[in-house]
Amino acid sequence: MSADNAEEILGTYKKMMAECQQIATKISELTLEKDEHKLVLESLSKLESERKAFRLIGGVLVEKTVGEVQPAVTQNYEGLKELLEKLEQSLKAKDNERRVYKEKHGIMTQDEREAAMKNQAAKKK
């Protein structure tokens with residue numbers, strides 16, 4: 001294996017790791033947003049549908065009623081749930097692809113390399 005080829009393999013692996021990290025970060029952000037929507041829905045469910053409610057739309061605070069706001073928040077919540085499911089499936093697929101690539105090319109992290117060296121040292125004793 002040439003040095004250029006090894007660098008290319010490692011570069012591809014690092015890119016795969018970065019993609020997995022980006023997806024995981026997005027999942028974390030969207031999970032927080034979904035939880036906020038859930039709290040809002042729980043609060044709205046306790047109120048009368050004719051009560052005033054304010055909703056932030058594109059940076060503008062708009063006065064509406066609970067009855068008008070609740071369906072939109074519910075729809076956003078459901079959309080977030082669906083998107084999170086798709087992202088989690090995507091993360092699993094990308095992570096599996098990364099693991100297969102790692103095994104195929106024999107890539108080891110520093111921790112894995114140290115553990116392998118300790119195992120070899122223990123076997124020699």
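## Pocket

In this predicted model, helices α1 and α2 each contribute at least two residues to the lining of the largest pocket. The greatest share of that lining comes from α1, which gives four residues. The residues that line the pocket are Glu 36, His 37, Val 40, Leu 44, Arg 55, Val 69, Val 73 and Asn 76, and the space within the largest pocket amounts to about 150 Å³.

One of these lining residues, His 37, has its place in helix α1. His 37 counts as buried because its relative accessibility is 16%, below the 20% under which a residue is called buried. Setting aside residues up to four places away in sequence, His 37 touches Val 73, Asn 76, Tyr 77 and Leu 80; among these contacts, Val 73 and Asn 76 also belong to the pocket lining, whereas Val 73 and Tyr 77 belong to the largest nonpolar core.

## Nonpolar cores

The largest nonpolar core is made up of seven residues, namely Leu 41, Leu 44, Ala 53, Val 66, Val 69, Val 73 and Tyr 77. Both α1, which covers residues 3–45, and α2, which covers residues 66–105, supply at least two residues of this core, and the most comes from α2, with four residues. A second core, separate from this one, has six residues, including Ile 23, Leu 80, Leu 84 and Leu 87. In soluble globular proteins, nonpolar side chains tend to be buried together.

Val 69 is a member of the largest core and also lines the largest pocket. When residues up to four places away in sequence are not counted, Val 69 touches Leu 44, Ala 53, Arg 55 and Lys 64. Of these contacts, Leu 44 and Ala 53 are members of the largest core, while Leu 44 and Arg 55 are found in the pocket lining.

## Helix α2

The 40 residues of α2 should span 58 Å at 1.5 Å a residue, and the C-alpha atoms at its ends are 57 Å apart, so the modelled span agrees with the expected one. The buried residues of this helix are Val 66, Val 69, Ala 72, Val 73, Tyr 77, Leu 80, Leu 84, Leu 87, Arg 98, Tyr 101 and Lys 102. After α2 comes Gly 106, whose phi is positive, near 65 degrees.

Two of the buried residues of α2 may be described further. Ala 72, placed in helix α2, counts as buried because its relative accessibility is 17%; Ala 72 and Arg 55 are separated by 17 residues in sequence and by 9.9 Å in space, C-alpha to C-alpha. Lys 102, also found in α2, is buried, with a relative accessible area of 14%. Apart from residues up to four places away in sequence, Lys 102 touches Tyr 13, Ile 107, Thr 109 and Glu 112.

## Strand β2

Glu 63 lies in strand β2, which comprises residues 60–65, and counts as partly exposed because its relative accessibility is 47%. Leaving aside neighbours within four places in sequence, Glu 63 is in contact with Lys 52, Ala 53 and Phe 54, and Ala 53 is itself a member of the largest nonpolar core. Glu 63 and Glu 7 are 56 residues apart in sequence and 57 Å apart in space, C-alpha to C-alpha.

## Helix α3 and confidence

Helix α3 consists of 15 residues and reaches 21 Å from its first C-alpha to its last, close to the 21 Å expected at 1.5 Å a residue. This helix is hardly covered, since the count of buried residues among its 15 residues is zero. Met 117 is found in α3 and counts as exposed because its relative accessibility is 52%. Met 117 and Ile 27, the latter lying 90 residues away in sequence, are 36 Å apart in space, C-alpha to C-alpha.

For the chain, the mean pLDDT is 92, and 97% of the residues reach 70 or more. Confidence is lowest in α3, which covers residues 110–124, at a mean of 81, and highest in α2, at 96. Where pLDDT is low, the predicted coordinates should not be read in detail.

Note on methods: Residues numbered from 1 in each chain as written. Predicted model: local features only at pLDDT ≥ 70, side-chain atom pairs only at ≥ 80, totals over all residues. Heavy atoms only, no water. Core = buried A, V, L, I, M, F, W, Y, C linked by side-chain atoms within 4.5 Å. Buried < 20%, exposed > 50% of the residue type's maximum accessible area, 1.4 Å probe, protein only. Contact = heavy atoms within 4.5 Å. pLDDT = per-residue confidence, 0-100. Expected span 1.5 Å × (residues − 1). 1 Å grid on protein atoms, 1.4 Å probe; cavity = no way out; pocket = protein on both sides within 12 Å on 5 of 7 lines; lining within 4 Å. Points joined across faces, edges and corners; volume = space filled by probe spheres on them.
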